[in-house]
Amino acid sequence: MSCIGNSIGAQPNKPARFARFAHFTRSAGLVTPRLRGYALLLAAIVLWGANWPVMKAGLAHVTPIWFSAVRFVLGAATLLALQGVTGTLRRRAA
C-alpha cells in the first residue's frame, strides 16, 4: 500500500499520512517564516534555560541515577507518543 495519495490537504509528492499536519507548515496571516523561526528559537532558549533549575530541584529529592532513569523513560514515552500521532510507528514483519 502506497503512502502517497491525493487525500484532503495532501501535497504532491508528500505522504498522505502527514496531510493532517499540513496546517502546521502554512503561514497564517501575519506570521512569516522568519517570525516563526524566531518564536521557535525563543522557545528552545527558554526550555534549555529552564533545564538547569529543574535538574537542580530534581537532584535535591532523588539520586542522579534515578533522575537519569526517569528522564530517559519520559523521553522514550514522548517519542513513542509522537510516532503514534504522526503515524510513523511501524511493526516488524513476522
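This is a short tour of two helices, a surface patch and a glycine in a predicted model.

Start by selecting residues 33-59, which form helix α1. Its 27 residues reach 39 Å from the first C-alpha to the last, close to the 39 Å expected at 1.5 Å a residue. Now centre the view on asparagine 51, where α1 bends by about 30 degrees. Proline 53 follows within four residues of that bend.

Next, colour residues 35-53 and 65-82. Both spans carry the annotation "transmembrane region" in an unreviewed UniProt entry. Residues 35-53 are 100% helix and 0% strand, and their end C-alpha atoms lie 28 Å apart. For residues 65-82, the end C-alpha atoms lie 26 Å apart, and that span is also 100% helix.

Move on to helix α2, residues 64-86. At 1.5 Å a residue, its 23 residues should span 33 Å; the end C-alpha atoms are 33 Å apart, so the two values agree.

Within α2, select tryptophan 66. Is this side chain's residue buried or exposed? Tryptophan 66 has a relative accessible area of 60%, and exposed means over 50%, so tryptophan 66 counts as exposed. Add Val62, Ile65, Val70 and Leu74 to the selection: together with Trp66 they make a nonpolar surface patch of about 550 Å².

Finish at glycine 87, just after α2. Check its backbone there: phi is positive, at about 80 degrees.

Terms used:
Residues numbered from 1 in each chain as written. Predicted model: local features only at pLDDT ≥ 70, side-chain atom pairs only at ≥ 80, totals over all residues. Heavy atoms only, no water. Patch = residues over 30% accessible without salt bridge, like charges linked within 9 Å, V, L, I, M, F, W, Y side chains within 5 Å. Areas by Shrake-Rupley, 256 points an atom, 1.4 Å probe, with all protein chains shown as cover. Salt bridge = Lys/Arg side-chain N within 4 Å of Asp/Glu carboxyl O. Helix = DSSP H or I, 4+ residues; strand = E, 2+ residues; numbered from the N terminus. Buried < 20%, exposed > 50% of the residue type's maximum accessible area, 1.4 Å probe, protein only. Expected span 1.5 Å × (residues − 1). Bend = angle between axes of the 7 residues up to and from the residue. UniProt positions renumbered as here; feature names shortened; annotations may be inferred.
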